[in-house]
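Dear colleague,

I am handing over the structure that we spoke about, and below it you will find what came out of the analysis. Please read the notes with the structure open beside them.

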Amino acid sequence: MTDALRRIHKVRQIQRAIGLTIGAAIYSAGLNLFLIPNHVIDGGVTGISLLIQALTGIPFSVLIVLLNVPFFYMGYKSLGPRLAASSMFAIIVLSLCSSRLEKMMPATNDPFLSTIFGGIIIGLGVGIVIKNGGSTDGTEIVAIWMDSRSSFSVGEIVMFFNFFILGAAGFVFSWNSAMYSLIAYFICSRMIDAVSTGLDSSKGIFIITTCYDDVSDAIVHDMHRAVTRLHGQGGFLKDDKDVLYCVISRLEVTKLKQVVRDIDPSAFITVFDVQEVEGGLVGKKVQK
């Protein structure tokens, strides 16, 4: 790697760290100033942590780290160190901010207002974290891991987890809290969709590069994703070009971009939503 590429890589790491910090801080503000004081919870590990806090009194800022560690270890093993490191960094920032914000007065004591604005704010925070290559929810990583071993999609698995987590709020707090939590979760999901361009795990990628053999091998062997080579022609010069096409999870987009840039910094990459995926090796590890 040349000095110029090293500098670019370092700048990107700093930008990613700043984005993760801002996103986690916003997420913490939405939780501690709006949702938690009004007994409204989020889904995933955050929701589990809030339920355990209500039952045991253990601080949320401690639980969110302890409960996420095994999930992000799984992410390190199955999805790579970059995602695991970025996600743990975001979780630690979330924990530190929560330890301060949980001592402050809530922004509102109206459960309806807290649900609406809390859902918007945590969705904004989570979306920023995801856009910077991280995650604040270990259950999503488990869902991606299970996706390669089952016929269910990531979205279906996450929804299955959250159905029970949000439903449990009815037994721990009240059924009003459970219903408010479902509304907050829906609002949060739509906000994440707006910020990070999609909750669905599937993203289609087109890559135009002169190093298509090296890029293709890296995607197959490093990311364990199937790649299709399409033969095309330049519209202006009429020269032959090979285009690589693959489908990956949303959380792998940042990693794939880095893999391609490390081989060919001038590669042209387009990312788009894939509404439905059936058949092939999409979403599954390539069998050796």
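Helices (H or I, at least four residues) and strands (E, at least two) are taken here as DSSP runs and are numbered from the N terminus. On that basis the protein chain holds 10 helices and 4 strands, and their order along the sequence is α-α-α-α-α-α-α-α-β-α-β-β-α-β.

Please keep in mind that this is a predicted model, in which local features need pLDDT of at least 70 and side-chain atom pairs count only at pLDDT 80 or more, while totals for chains, interfaces and linings use all residues. Residues are numbered from 1 along each chain as its sequence is written, and side-chain values use heavy atoms, with hydrogens and water left out.

Of the 288 residues in the protein chain, 44% are buried, where buried means under 20% relative accessible area, exposed means over 50%, and partly exposed lies in between (1.4 Å probe, protein chains only). Contact means heavy atoms within 4.5 Å, and among the contacts between residues at least 6 apart in sequence, 73% join residues at least 24 apart.

Helix 1 and its partners

Two packed helices are described by the angle between their axes and the distance between the axes. The axes are lines fitted to C-alpha atoms, for helices over the stretch in contact, and the angles run from 0 to 180 degrees between N-to-C directions. Angles under 35 degrees count as roughly parallel, over 145 as roughly antiparallel, 65 to 115 as roughly perpendicular and the rest as oblique.

The axes of helix 1 and helix 5 (residues 111-131) come within 7 Å and cross at roughly 165 degrees, which means that helix 1 is roughly antiparallel to helix 5. On the side of helix 1 the contact involves G19, L20, I22, G23, A24, I26, Y27, G30, L31, F34 and L35, and these meet residues of helix 5 that include S114, F117, G118, I121, I122 and V129. By class, this contact of helix 1 with helix 5 has 15 nonpolar, 8 polar and no charged residues, if Ala, Val, Leu, Ile, Met, Phe, Trp, Tyr, Cys and Pro count as nonpolar, Asp, Glu, Lys and Arg as charged, and the others, Gly among them, as polar.

Helix 1 (residues 3-35) also has a contact with helix 10 (residues 253-263), where the axes come within 13 Å and cross at roughly 170 degrees, and these two helices are therefore roughly antiparallel as well. Here H9, R12 and R16 of helix 1 meet T254, Q258 and R261 of helix 10, so that, by class, the contact has 3 polar and 3 charged residues and no nonpolar ones.Helices 2 and 4

The expected span of a helix is 1.5 Å times one less than its number of residues. Helix 2 (residues 44-56) has 13 residues and reaches 18 Å from its first C-alpha to its last, close to the expected 18 Å, and its buried residues are G44, V45, T46, G47, S49, L50 and L51. After helix 2 comes G57, with a positive phi near 85 degrees. For helix 4 (residues 81-101), with 21 residues, the end C-alpha atoms are 30 Å apart, which agrees with the 30 Å that it should span. The buried residues of helix 4 include L83, A84, I91, V93, L94 and L101.

Two buried residues

Which residues does G204 touch, not counting those up to four places away in sequence? G204 is found in strand 1 (residues 202-208) and touches Y245, C246, V247, T270, V271, F272 and V274. G204 counts as buried because its relative accessibility is 0%, and its C-alpha atom is separated by 4.5 Å from that of V247, although the two are 43 residues apart along the chain.

I219 has its place in helix 9 (residues 212-222) and, at 0% relative accessibility, also counts as buried. Leaving aside neighbours within four places in sequence, I219 is in contact with I207, H224, R225, V227 and L256. I219 and C246 are 27 residues apart in sequence, and their C-alpha atoms are 8.9 Å apart in space.

Two histidines with positive phi

H224, which appears among the contacts of I219, lies in the loop between helix 9 and strand 2 (228-233). H224 has a positive phi of about 60 degrees although it is not a glycine, and at 22% relative accessibility H224 counts as partly exposed. H39, in the loop between helix 1 and helix 2, has a positive phi near 60 degrees and is likewise a residue other than glycine. At 43% relative accessibility, H39 counts as partly exposed.

With best wishes
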